[in-house]
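Trainee: I'd like a close look at one part of this model, the pocket you'd examine first. Take it slowly, and carry on into whatever seems worth a look after that.

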Amino acid sequence: MSLWKVVVSSGLVLVLVLHFSTLPTKAGPGKASKDQEFKYKLDPSWPKNQSIFTGQVYCVGVDDKNGDIYVGQRGTDGQPVIVFGTTGELKRVFKNDSSPISKIHGMRMHYNETDKSSRIWLTDLGDDLSGHTVKRFSPTGKLELVLGTPNQAGTALKPNYQFDQVADLAISDNGEVYVVDGDGGVNNRLLKLDKDFHLKWHIGSIGNSSSQFHIPHSVELDSFGRVWVADRMNGRIQAFDVDNGTFLGQWTSCFQDGQPYSVRLSADKSHFVVAQLNQDKILLIEAPQKSGDIGDCNVKGQIEVTKGSKPHLVAVSQSEGAIYAAELGSHTCQKFVRKLIIPSG
């Protein structure tokens, strides 16, 4: 089989085919088998209106239940969140007068099976009246919940949370929330909150030893009881036990040429999608398919974007398998669609 590499440059998509071996998995919709592999290619038609972005694009979230793609920007038009359809059509925007957001950074979508509704969660880094918080909004932009103490950076966990440049979050199927805090502030920690937002455990301090961080920038959950953190300035990804925060291992060899900014699982769970902002590329790293030892870091492919695009955080559509990349340099969000390849022979 062949390793694939997508290069996006000046509106052209080049596909390079190298040696590649996939993980054997059960075939089915969105699944790879031992006789299949996936490529990603740029969808140049998404979104349909690039001019709607008026600043750096920081984050993106996918609501698979409703076919909505939420994109977060720090623009000049008072529209911090723009919502598109899967084919790129503009659906709606959040306006800052009704959805107070200072400096948007991380984003997640979560579908509540109990009330059959989607919610958008985001992190706000700002120093004004709404900053240093994690927020939950309705699909139309109504602010429903705030975690943290607005406009008060700090380290406190009781009686109220204090964050400092809170970076990203992940949410389990049963509503537990994992938060990485912070993106350059006084905190360098990972917190687990239960479904009622009470603290379960937290780990971290600044440093480069196991369970320490230097800008924990992105967080992801897998199906084997692990939580993964992109430890940006330390140039590594660390893995921990979701139950108690026990350190399980780390990957460093994949990041000798650039820091990991994002960590998200692919739709088929076979690989992690890791943005390297300063290298203008997105790595595809093999995901362990069993619990326990995470093994060595194994890059299976990459997507290179136009020089200066600076991919920051990414999201993955569970229904399409597509990757959406928020880019600081190009002031846009790009979509890379999955292409199924069945090698001959």
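Mentor: Let's settle a term. A pocket here is an open set of grid points with protein on both sides within 12 Å along at least five of seven lines, and a residue counts as lining if it has an atom within 4 Å of one of those points. Keep in mind that this is a predicted model. The idea behind the search is simple: rolling a probe the size of a water molecule over the atoms shows where empty space is left.

On to the largest pocket, which holds about 980 Å³ of space. Its lining is made of 32 residues, and the ones nearest the centre are R108, M109, I171, D173 and Q318. Strands β4 (56-63), β8 (104-112), β12 (166-171), β16 (216-221), β20 (264-265) and β24 (311-316) each put in at least two lining residues. β8 gives the largest share, with five. As for chemistry, you'd find 13 nonpolar, seven polar and 12 charged residues in that lining.

Now follow β8 along, and you'll meet another pocket. The second largest one has a volume of about 310 Å³. It has 18 lining residues, with H110, N112, R136, N174 and G175 closest to the centre. β8 turns up here too, and both β8 and β9 supply at least two residues each. The classes in this lining come to five nonpolar, six polar and seven charged.

From β9 (117-124), the loop to β10 (133-137) is where you'll find S130. With a relative accessible area of 12%, S130 is buried, because the cut-off for that label is under 20%. Beyond its sequence neighbours within four places, S130 touches P100, I101, S102, D124, K135 and P150.

One last stop takes us back up the chain to β6 (residues 81-85). Five of its five residues are buried, so the rest of the structure largely encloses this strand. In a regular strand the side chains alternate between the two faces of the sheet. For β6, that puts V81, V83 and G85 on one side and I82 and F84 on the other, and both faces are covered. β6 pairs antiparallel with β5 (residues 68-74) over five bridges, and with β7 (residues 90-94), also antiparallel, over four. Look at V83: it stands opposite Y70 on the β5 side and opposite R92 on the β7 side. Each pairing is a hairpin. Six residues separate β5 from β6, with G78 in the turn at a positive phi of about 70 degrees, while four separate β6 from β7, where G88 has a positive phi near 100 degrees.

Note on methods: Residues numbered from 1 in each chain as written. Predicted model: local features only at pLDDT ≥ 70, side-chain atom pairs only at ≥ 80, totals over all residues. Heavy atoms only, no water. Buried < 20%, exposed > 50% of the residue type's maximum accessible area, 1.4 Å probe, protein only. Contact = heavy atoms within 4.5 Å. 1 Å grid on protein atoms, 1.4 Å probe; cavity = no way out; pocket = protein on both sides within 12 Å on 5 of 7 lines; lining within 4 Å. Points joined across faces, edges and corners; volume = space filled by probe spheres on them. Nonpolar A, V, L, I, M, F, W, Y, C, P; charged D, E, K, R; others polar. Pairing = 2+ DSSP bridges.
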